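The exercises below are meant to be worked with the sequence and the structure side by side. Try each task before reading its solution.

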Amino acid sequence: MTAVAPSAIPVSRQHARAALSLMLLPLLLLLTVIVAVGTGAVHIAPLQVVSILLAPLGIAPLQGYEEQQAAVLWAIRLPRVVLGMLVGAGLAVAGTAMQGLFRNPLADPGLLGISSGASLAAAMSVVLGFHAFGNYSLPVAAFTGSLLATVLIYTLSQERGRVNVTTMLLSGIAINALCGAGTGLMTFLATDEQLRTLTFWSLGSLGGATWPTVLSAMPLILAGTLILPFMARALNALMLGESGAAHLGVNVQAVKWIVVGLVALSVGAGVAVAGTIGFVGLVVPHLLRLLTGPNHRTLLPASALLGAALLVLADLVSRTIAMPAEVPIGILTALLGAPFFLYLLRAGKKEVGA
């Protein structure tokens, strides 16, 4: 499996499915958000959720609610859901862009060590006391780590101008192991207070979401999530190979580094505020590619919507399935993503055999 294969769905049906997806996915995300912010120890009915959200606009409530419910929604639930939307969208779009750049559906920020690089840099920032950029110090450190990991993987996996998939996956395994060891060393050196800050990175969590946390990560994640769709034409051209894209007038080298930088920005900021959450960038684009075809003009925005909804839903399950305890969200995404990854490997093996 050396490239993202074009879909076998007829073009007219692809267009119809793509249009339908872009209409239904915002509705799915909206319903997921309403259910997520209303579910928990303090129950808030859907109409109450809508009433509380519309109250600042001076709109009469659709259903009465208590002040406690409004306080819980605004101070606890909504920042967590918004952070889940941002991180999910960022990871899904980053995964889609990486699969287009590497021309392979196995590319994923977690599998290739990009998330681990961000996690190591963030852990070093906490333990070594890096505060040069104020509230943005942690996201900046994580971005730097993810950028270095991405550049290293891309450089190692190149072979005569093409990406060697085996080398790419083996490089990801090696970088994951190396960064895991570094993060373990930082954990060993950390004080008790720093240790509490570091523990959630190993499996991922949205439990530390506050409005300042959301605002610190939002501009960095949105930069990658909103700019990458403008690279859709170039990523579509790259499906023909680098030489084919160059013949179509694409500046291949510039596209490579822009995509790598934006992916590192989204993943790094996401890891800084939510820890390592794997497989979102693998599962979401592959499902959408099967549904709508390989056109990145549709695939990238649809991935943002579905990734946001998926992570909000996963977080809802993680905090309610074992109440009052909370299951790390990384466990749930791994339970979903690892079998899916094995399925992709199996499908690729059959393809090669054929």
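**Exercise 1. Find the residue just after helix 3 that takes a positive phi, and then describe the course of the helix itself.**

Solution. Step one: in this predicted model, the residue to find is Arg103, which follows directly on helix 3 and has a phi of about 55 degrees. Step two: the helix that ends there counts 36 residues, and from its first C-alpha to its last it reaches 51 Å, close to the 52 Å expected at 1.5 Å a residue. Step three: the axis is nevertheless not straight throughout, since helix 3 bends by about 40 degrees at Arg77, with the proline Pro79 following within four residues.

**Exercise 2. Decide whether helix 3 is largely enclosed or largely open, and give the count that supports the decision.**

Solution. Buried is taken here as under 20% relative accessible area. By that criterion 29 of the 36 residues of helix 3 are buried, so the helix is largely enclosed by the rest of the structure. For comparison, 51% of the 354 residues of the protein chain count as buried.

**Exercise 3. Identify the members of the largest nonpolar core that touch the most other members, and the helix that gives the most to this core.**

Solution. Step one: the largest nonpolar core holds 82 residues, and those that touch the most other members are Val87, Phe102, Leu228, Val259, Val263 and Ile277. Step two: helix 3 (residues 67-102) is the greatest contributor, with 17 residues. Step three: Val263 can serve as an example, for, leaving aside residues up to four places away in sequence, Val263 touches Ala94, Ala97, Met98 and Leu228. Step four: a second core, separate from this one, is made of eight residues, among them Leu106, Leu111, Phe279 and Leu344.

**Exercise 4. Place Asn236 in the fold, and state whether this residue is buried or exposed.**

Solution. Asn236 lies in helix 9, which covers residues 232-238. Because its relative accessibility is 18%, Asn236 counts as buried. Apart from residues up to four places away in sequence, the contacts of Asn236 are with Pro294, Asn295, His296 and Arg297.

**Exercise 5. Test the overall dimensions of the protein chain against those of a compact globule.**

Solution. Step one: a compact globule of 354 residues would have a radius of gyration near 20 Å, and the protein chain has 20 Å, which agrees. Step two: along the principal axes, the C-alpha atoms fill a box of roughly 65 × 55 × 35 Å. Step three: the chain has 14 helices and two strands, and among contacts between residues at least 6 apart in sequence, 78% join residues at least 24 apart.

How values were computed: Residues numbered from 1 in each chain as written. Predicted model: local features only at pLDDT ≥ 70, side-chain atom pairs only at ≥ 80, totals over all residues. Heavy atoms only, no water. Buried < 20%, exposed > 50% of the residue type's maximum accessible area, 1.4 Å probe, protein only. Contact = heavy atoms within 4.5 Å. Core = buried A, V, L, I, M, F, W, Y, C linked by side-chain atoms within 4.5 Å. Expected span 1.5 Å × (residues − 1). Bend = angle between axes of the 7 residues up to and from the residue. Rg over C-alpha atoms; globule rule 2.2 N^0.38 Å.
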